[in-house]
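This note sets out a few points for a colleague who is new to the structure. Please read them with the model open.

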Amino acid sequence: MDELKKRILQDGRVLNDQVLKVDRFLNHQIDVDLMDRMGHAFFDHYRDSGITRVLTVESSGIAVACSVARRFQVPVVFARKTRSLTMVDDQYTAEVFSFTRQKKFTIMLNKRFLESDDRVLLVDDFLAKGQALLGLINIVHQSGATLSGAAIVIEKAFQEGGRLVRAVGVEVYSLARIASLKNGKVLFS
Ligand code: 5GP
């Protein structure tokens with residue numbers, strides 16, 4: 001998606017060889033018009049997949065997940081990273097190691113929000129080492145739902161996540177694929 005690539009070059013900040021900061025438009029301050037157009041791009045790609053649920057993990061995947069779900073006219077469900085007193089129902093759980101936080105945590109999803117006859121589209125802002133997506137894939141498998149693919153805003157193709165997720169048979173569709181962040185520069189694949 002050319003508009004997204006331009007925006008990454010204009011407003012992204014390369015923090016080091018591994019990490020890109022995009023908090024001006026994607027995961028702190030949010031450009032809702034750009035979100036809307038990205039939602040449309042994902043909808044175009046998956047329009048014939050019969051999606052009934054969009055699934056992400058809190059928090060930075062939620063905005064783009066909502067834009068996609070609006071196009072499909074289906075609900076968004078997001079896995080939670082912290083337990084709250086209101087979580088009294090049965091939960092699907094999976095262990096995830098966070099690349100940006102460098103710690104392990106459990107993601108949780110109320111069993112009532114994912115049924116075995118659902119067709120699920122996973123959505124996230126970044127694909128790095130693939131741990132967040134593999135956790136979500138694990139939860140979808142537990143539910144017996146059908147997985148239609150993973151819609152990713154920015155895939156860092158030099159990290160192993162894309163390979164790991166594709167290796168378990170999940171189609172990954174990314175709007176921008178980054179080949180390198182070396183020397184403070186963003187290089188697209
Ligand atoms: P993974 O589980 O694929 O290693 O990482 C996925 C999650 O880590 C994403 O949902 C995103 O929130 C965060 N993340 C990974 N790499 C980056 C990055 O370069 N920049 C930012 N802002 N977040 C990242």
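**Ligand, first helix and aromatic rings**

1. A backbone N or O atom of glutamine 131 lies 3.1 Å from an oxygen atom of the ligand, a polar contact (a pair of N or O atoms within 3.5 Å; within protein, one must be able to donate a hydrogen and the other to accept it, and residues adjacent in sequence count only if both atoms are side-chain atoms). Taken alone, the ligand exposes 510 Å², and the protein buries 88% of that; accessible areas come from the Shrake-Rupley method with a 1.4 Å probe, and for residues only the protein chains shown count as cover.

2. This is a predicted model, in which local features need pLDDT of at least 70 and side-chain atom pairs count only at pLDDT 80 or more, while totals for chains, interfaces and linings use all residues. Residues are numbered from 1 along each chain as its sequence is written, and side-chain values use heavy atoms, with hydrogens and water left out.

3. Two further contacts to the ligand deserve attention. A backbone N or O atom of leucine 20 lies 2.6 Å from a ligand nitrogen atom, and a polar side-chain atom of lysine 156 lies 2.8 Å from a ligand oxygen atom. In total, 17 residues surround the ligand (a heavy atom within 4 Å); Leu20, Lys129, Gly130, Ala132 and Lys156 are the closest.

4. Helix H1 spans residues 2–11, and its buried residues are Leu4, Arg7, Ile8 and Asp11 (buried: under 20% relative accessible area; exposed: over 50%; partly exposed: in between; 1.4 Å probe, protein chains only). Seen down the axis of H1, these residues fall within an arc of 105 degrees, so they line one face of the helix; the arc is that of the directions from the helix axis to the C-beta atoms. Asp2, Lys6, Leu9 and Gln10, on the other side of H1, are exposed. Helices (H or I, at least four residues) and strands (E, at least two) are DSSP runs, numbered from the N terminus.

5. Which residues are linked into a cluster by ring pairs? They are Phe42, Tyr46 and Tyr173. Rings of Phe, Tyr and Trp (its six-membered ring) pair if their centres lie within 6.5 Å; planes under 30 degrees apart count as stacked, over 60 as edge-to-face and the rest as tilted. Phenylalanine 42 and tyrosine 173 are edge-to-face, 6.0 Å centre to centre with 80 degrees between the planes. Phenylalanine 42 lies in helix H2 and tyrosine 173 in strand S9, so this pair ties together parts 131 residues apart in sequence.
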